Amino acid sequence: DSRVAPTLAATSKQLDKQLKTDNLSKGLQQRPPESPLVDAKVAPTLAATAKQLDKQLKTDTLSKGLQQRASMVGSAMVDSRVAPTLAATSKQLDKQLKTDNLSKGLQQRPPESPLVDAKVA
């Protein structure tokens, strides 16, 4: 706010936010219960819209999931985001990455003898 000194701007903003929160809380406490709205047939008119929106949300979520999932090609999984011409290279790179990670893990593995001595292995 331009009417507030710069040193008090943060405090003013915090107080404005608290005032809005308090007004909202007061409004929620004074709000009538749901049953008169249902009795007045206000809520049922919104029920059809809510049902339609819920169905659309589920449809959109399912469509998005189907677009992002990996598709089956032969017996191997191929990421659907990879161009078909690059699928074989992608599969080969994934396999090499897994091999490299396994080799790295085996190299960093502690020697067997302390584990045998401790009767862990």
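This passage describes the confidence, fold elements, exposure and charge pairing of a predicted model.

Confidence was assessed first. The mean pLDDT of the protein is 81. A value of 70 or more is reached by 79% of the residues. Confidence varies among the elements. Helix H1, residues 9-29, has the highest mean pLDDT, at 92. Strand S1, residues 71-73, has the lowest, at 50.

The secondary structure consists of 5 helices and 2 strands. Along the sequence, their order is α-α-α-β-β-α-α. The two strands thus appear in the pattern after three helices and ahead of two others.

Solvent exposure was computed next. The protein has 121 residues, of which 3% are buried. Its exposed surface comes to about 11,400 Å². Carbon and sulfur atoms contribute 58% of that area.

Charge pairing is confined to 1 salt bridge in the structure. The partners are Asp54 and Lys58. Their closest N and O atoms lie 3.4 Å apart. The contact counts as a salt bridge because the cut-off is 4 Å between a Lys or Arg side-chain nitrogen and an Asp or Glu carboxyl oxygen. Side chains of opposite charge can pair when their charged atoms come close. Both residues belong to helix H3, residues 43-68. They are 4 residues apart there, so about one helical turn separates them. Accessibility was also computed for each partner. Asp54 is partly exposed, with a relative accessible area of 37%. Lys58 is exposed, and its relative accessible area is 55%.

Definitions and conventions: Residues numbered from 1 in each chain as written. Predicted model: local features only at pLDDT ≥ 70, side-chain atom pairs only at ≥ 80, totals over all residues. Heavy atoms only, no water. pLDDT = per-residue confidence, 0-100. Buried < 20%, exposed > 50% of the residue type's maximum accessible area, 1.4 Å probe, protein only. Areas by Shrake-Rupley, 256 points an atom, 1.4 Å probe, with all protein chains shown as cover.
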